[in-house]
Amino acid sequence: MAWFKRKEKGIQTATEDKKDVPKGLWYKSPTGKIVDTEELAKNLWVSPEDDFHVRIGSAEYFEILFDNNKFKELDPKMTSKDPLKFEDTKKYGDRLKDAMEKTKLKDAVRTAVGKSKGKDLVVACMDFAFIGGSMGAVVGEKIARGIDYSIKNKVPFVMISKSGGARMMEAAYSLMQLAKTSAKLAQLADAKIPYISLCTDPTTGGTTASYAMLGDINIGEPGALIGFAGPRVVKDTTGKDLPEGFQTSEFLLEHGFLDFISHRKELKNKINLYIDLILNQEVR
C-alpha cells in the first residue's frame, strides 16, 4: 500500500510552490450557507440556499436590466477632483487613485442607456466598491446628466442606490448634490417622465435624503439596509432599543417608506411593468 504511505522522510515544499484552492470558488452567506460562486452568478447573485441577495455592482445590474447586456455608457471618463486638498489617513487624491486601480471604475456611479424589454431606458447605478458608494460631485453630476438625457430623449429613468452616504472628503461640494439631483428630478417630473428608484443594500445618508426616496415608485431589494443614520447611531442617539428588523426593506415597506420589494429575478419585469402603468401604455 505504498501509494498512501510516505516512502521518503523530510519532504518539504517551498511556500511559493504550495497549491491553494483558488479564491472565489465558494461564497458563504450571512446565514452560514455555502454556495458555489458559479451557481450564485447564474442565479443573479442570489443564494439559492437562503435567498440572500449578495451585493453586486453596476456591471451586474446592467446585465440584468438591459437586453442582451447591450448599452451605451454616458460620461464614462468623468472623475473627481480634490478642490479642498483633503487629507485624513491619506490624501484624497491618493485615495481616488487607489480606488480607481482597485475597482477599475472612475467613480461611485455609472450611467447608461439601452433597451430593456425592447424600449429605451436610462439607468444610473451606484457601486459600493468605490469608496463605499459615497456621493461626491461626480456622482451628482453624472446622475444630473443622466436625467438631462432622459428629459431630452423622453426616456424613463431608473436610479439604483447603494451608498454609505455623502463623501466627507468633498464636504459642502458633496452635500450640494442632494439639492442638485432633487432639482433635476423635479424637472423630470415636470416633463412627465417616469422615475423608478431601487434601494439596495445599503442605502444610507445623503442618498436616502435625496434621490433614493423621490421615485414615482420606490422599490427595495429583500433584506436591504435602508435609512439615513445607521442602527447603532440611532440607538445611541435615542437611547432606546430598536424594533426587530429595523431599517430593513421589509420594515420600511410595512411602515410606508417603500412601495414594493422586488426579488432580483423579477426586477427587470417589475421595473418595466411600473413604467408601462405610469405611462398608461400596453404592458410588455
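**Figure 1. Helix 4 and helix 5 (residues 171-190) pack at an angle of about 5°, their axes 9 Å apart.** This is a predicted model, and the same goes for every view that follows. With that angle under 35 degrees, helix 4 and helix 5 are therefore roughly parallel to each other. From helix 4, the residues making the contact are Ala137, Gly140, Glu141, Ile143, Ala144, Ile147, Asp148, Ser150 and Ile151. On the helix 5 side you'll find Gln177, Lys180, Thr181, Lys184, Leu185, Gln187 and Leu188. Sort the contact of helix 4 with helix 5 by class and you get 7 nonpolar, 5 polar and 4 charged residues.

**Figure 2. A closer look at Ile147, a residue of helix 4.** Is Ile147 buried or exposed? Its relative accessibility is 0%, so Ile147 counts as buried. Setting aside neighbours within four places in sequence, Ile147 is in contact with Phe157, Thr181, Lys184, Leu185 and Leu188. Take Leu188 from that list: Ile147 and Leu188 are 41 residues apart along the chain, yet their C-alpha atoms are separated by 6.9 Å.

**Figure 3. Helix 2 (residues 58-65) meets helix 8 (residues 267-278).** Here the two axes come within 8 Å and cross at roughly 65°. Angles of 65 to 115 degrees count as roughly perpendicular, and that makes helix 2 roughly perpendicular to helix 8. Which residues do the touching? Helix 2 brings Tyr61, Ile64 and Leu65, and helix 8 brings Leu267, Lys268 and Ile271. By class, that contact has 5 nonpolar residues, no polar ones and 1 charged one.

**Figure 4. The largest pocket, with a volume of about 190 Å³.** Its lining includes the run Arg55, Ile56, Gly57, Ser58, Ala59 and Glu60. Leu105, Asp127, Phe128, Ala129 and Lys162 also line the pocket. Which element gives the most to this lining? That's helix 2, with 3 residues. Classed by type, the lining has 5 nonpolar, 2 polar and 4 charged residues.

**Figure 5. Phe128, one of the residues lining the largest pocket.** Phe128 lies in the loop between strand 5 (119-126) and helix 4 (137-153). At 26% relative accessibility, Phe128 counts as partly exposed, because the partly exposed class falls between the 20% limit for buried and the 50% limit for exposed. Not counting residues up to four places away in sequence, Phe128 touches Arg55, Gly133, Lys162, Ser163, Gly164 and Pro202. Two of these partners, Arg55 and Lys162, also appear in the pocket lining. Now look across to Asp201: Phe128 and Asp201 are 73 residues apart in sequence and 9.2 Å apart in space, C-alpha to C-alpha.

**Figure 6. The cis peptide bond joining Asp201 and Pro202.** Omega for this bond is about -10°. Pro202 sits in strand 7 (residues 195-203). Pro202 is also one of the residues that Phe128 touches, so to speak a link back to the previous view.

**Figure 7. Two loop residues with positive phi: Leu44 and Lys117.** Start with Leu44, where phi is near 60°, a positive value in a residue other than glycine. Leu44 has its place in the loop between helix 1 (37-42) and helix 2. How accessible is Leu44? Its relative accessibility is 28%, so Leu44 counts as partly exposed. Move on to Lys117, which isn't a glycine either but has a positive phi of about 55°. Lys117 lies in the loop between strand 4 (109-116) and strand 5. With a relative accessible area of 29%, Lys117 is partly exposed.

**Figure 8. Stepping back to the chain, with its 8 helices and 9 strands.** Along its principal axes, the C-alpha trace spans about 80 × 50 × 45 Å. The chain has 284 residues, and buried residues make up 43% of them. What about contacts between residues at least 6 apart in sequence? Among those, 66% join residues at least 24 apart.

Methods
Residues numbered from 1 in each chain as written. Predicted model: local features only at pLDDT ≥ 70, side-chain atom pairs only at ≥ 80, totals over all residues. Heavy atoms only, no water. Axes fitted to C-alpha atoms, helices over the stretch in contact; angles between N-to-C directions. Helix = DSSP H or I, 4+ residues; strand = E, 2+ residues; numbered from the N terminus. Parallel < 35°, antiparallel > 145°, perpendicular 65-115°, else oblique. Contact = heavy atoms within 4.5 Å. Nonpolar A, V, L, I, M, F, W, Y, C, P; charged D, E, K, R; others polar. Buried < 20%, exposed > 50% of the residue type's maximum accessible area, 1.4 Å probe, protein only. 1 Å grid on protein atoms, 1.4 Å probe; cavity = no way out; pocket = protein on both sides within 12 Å on 5 of 7 lines; lining within 4 Å. Points joined across faces, edges and corners; volume = space filled by probe spheres on them.
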